[in-house]
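Okay, everyone, thanks for coming. I'd like to walk you through one structure today, so have a look at the screen and we'll go through it piece by piece.

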Amino acid sequence: MKQLTLFEPVDEKKVRKAVVKQLKLFKALRIAIINKDEQIAEGLRDPFPKIVDKEKEKRFKVKQMERAIQYALDDIEREIIEMKYLSPNRVKDINLYMDMGLTMDQYYEHKRQAIFALAEALNIV
């Protein structure tokens with residue numbers, strides 16, 4: 001007998017790949033917005049060539065990503081995401097869970113929950 005479910009099964013690898021891609025993009029977009037605001041404050045007009053103007057879309061994505069990270073994650077999940085994907089340095093998982101005082105299983109469960117929470121908050125799944 002087939003079990004009824006409310007949700008379709010989700011491919012965890014695809015979800016993780018999509019969320020990580022958005023986190024990396026978020027990192028770059030956040031810097032782009034800071035740079036743009038700094039240019040405006042200094043009275044400069046586009047010191048770099050602009051191929052496509054997506055200023056409004058960039059600000060919108062950054063705002064939604066910041067909101068998702070702040071409100072959809074608990075403290076441990078947020079720390080994992082910020083240290084793993086948003087820090088300027090590449091950090092290995094083993095270093096993170098050792099520094100955080102988590103077991104490997106605890107760390108990967110929190111990381112998995114964080115990825116899925118962000119996927120839900122961003123309407124990826």
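Before I name anything, a quick word on terms: a helix here is a DSSP run of H or I with at least four residues, and helices are numbered from the N terminus. And please keep in mind that this is a predicted model.

With that in hand, let's start at Ala114, which is found in helix 5. Is Ala114 buried or exposed? The cut-off for buried is under 20% relative accessible area. Ala114 has a relative accessible area of 0%, so Ala114 is buried. Who does Ala114 touch, if we leave aside its neighbours within four places in sequence? Its contacts are Leu73, Glu77 and Ile81. For a sense of distance, take Asn89: Asn89 and Ala114 are 25 residues apart along the chain, and their C-alpha atoms are separated by 20 Å.

Ala114 also turns up when we look at how helices pack. On the helix 3 side of the contact between helix 3 and helix 5, we have Ile76, Glu77, Ile80, Ile81, Lys84 and Tyr85. On the helix 5 side, they meet Tyr107, His110, Lys111, Gln113, Ala114, Ile115 and Leu118. Sorted by class, that contact has eight nonpolar, two polar and three charged residues. Now the geometry: the axes of helix 3 and helix 5 come within 9 Å and cross at roughly 85°. Angles of 65 to 115 degrees count as roughly perpendicular, and that crossing therefore makes helix 3 roughly perpendicular to helix 5.

Helix 5 has another partner, helix 4, which is residues 93-100. What angle do the axes of helix 4 and helix 5 make? They cross at roughly 110°, and the axes come within 9 Å. So helix 4, too, is roughly perpendicular to helix 5. In this contact, Asp93, Leu96 and Tyr97 from helix 4 meet Met104, Tyr107, Tyr108 and Lys111 from helix 5. By class we get five nonpolar and two charged residues there, and no polar ones.

Just past helix 5, which covers 104-121, there's a segment that holds Asn123. What is special about the phi of Asn123? Phi is near 60°, a positive value in a residue other than glycine. Asn123 has a relative accessible area of 66%. The cut-off for exposed is over 50%, so Asn123 is exposed.

Okay, over to helix 1, where we find Leu23. Leu23 has 0% relative accessibility, so Leu23 counts as buried. Apart from its neighbours within four places in sequence, Leu23 is in contact with Met65, Ile69, Ile81, Tyr85, Leu86 and Leu118. Then compare sequence with space: Leu23 and Arg78 are 55 residues apart in sequence, and 12 Å apart in space, C-alpha to C-alpha.

For contrast, let's look at Lys63 in helix 2. Lys63 has a relative accessible area of 52%, so Lys63 is exposed. Arg90 is 27 residues from Lys63 along the chain, and the two C-alpha atoms are separated by 24 Å.

Last topic: pockets. How big is the volume of the largest pocket? That comes to about 270 Å³. There are 17 residues lining the largest pocket, and the closest to its centre are Ala32, Lys36, Gln39, Lys50 and Lys58. Two elements give two or more residues each to that lining: helix 1 (12-41) and helix 2 (55-71). Helix 1 gives the most, with six residues. As for classes, the lining has eight nonpolar, two polar and seven charged residues.

The second largest pocket has a volume of about 220 Å³. Which residues line the second largest pocket? They are Val20, Lys24, Lys27, Lys84, Tyr85, Ser87, Asn89, Arg90 and Val91. Here the elements giving two or more residues are helix 1 and helix 3 (75-86). The largest share, three residues, comes from helix 1. The class split for this lining is three nonpolar, two polar and four charged.

To pull a thread through the pockets: helix 1 gives the most to the lining of the largest pocket, and the largest share of the second largest pocket's lining comes from helix 1 as well. That's my tour, thanks for listening!

Technical notes: Residues numbered from 1 in each chain as written. Predicted model: local features only at pLDDT ≥ 70, side-chain atom pairs only at ≥ 80, totals over all residues. Heavy atoms only, no water. Buried < 20%, exposed > 50% of the residue type's maximum accessible area, 1.4 Å probe, protein only. Axes fitted to C-alpha atoms, helices over the stretch in contact; angles between N-to-C directions. Parallel < 35°, antiparallel > 145°, perpendicular 65-115°, else oblique. Contact = heavy atoms within 4.5 Å. Nonpolar A, V, L, I, M, F, W, Y, C, P; charged D, E, K, R; others polar. 1 Å grid on protein atoms, 1.4 Å probe; cavity = no way out; pocket = protein on both sides within 12 Å on 5 of 7 lines; lining within 4 Å. Points joined across faces, edges and corners; volume = space filled by probe spheres on them.
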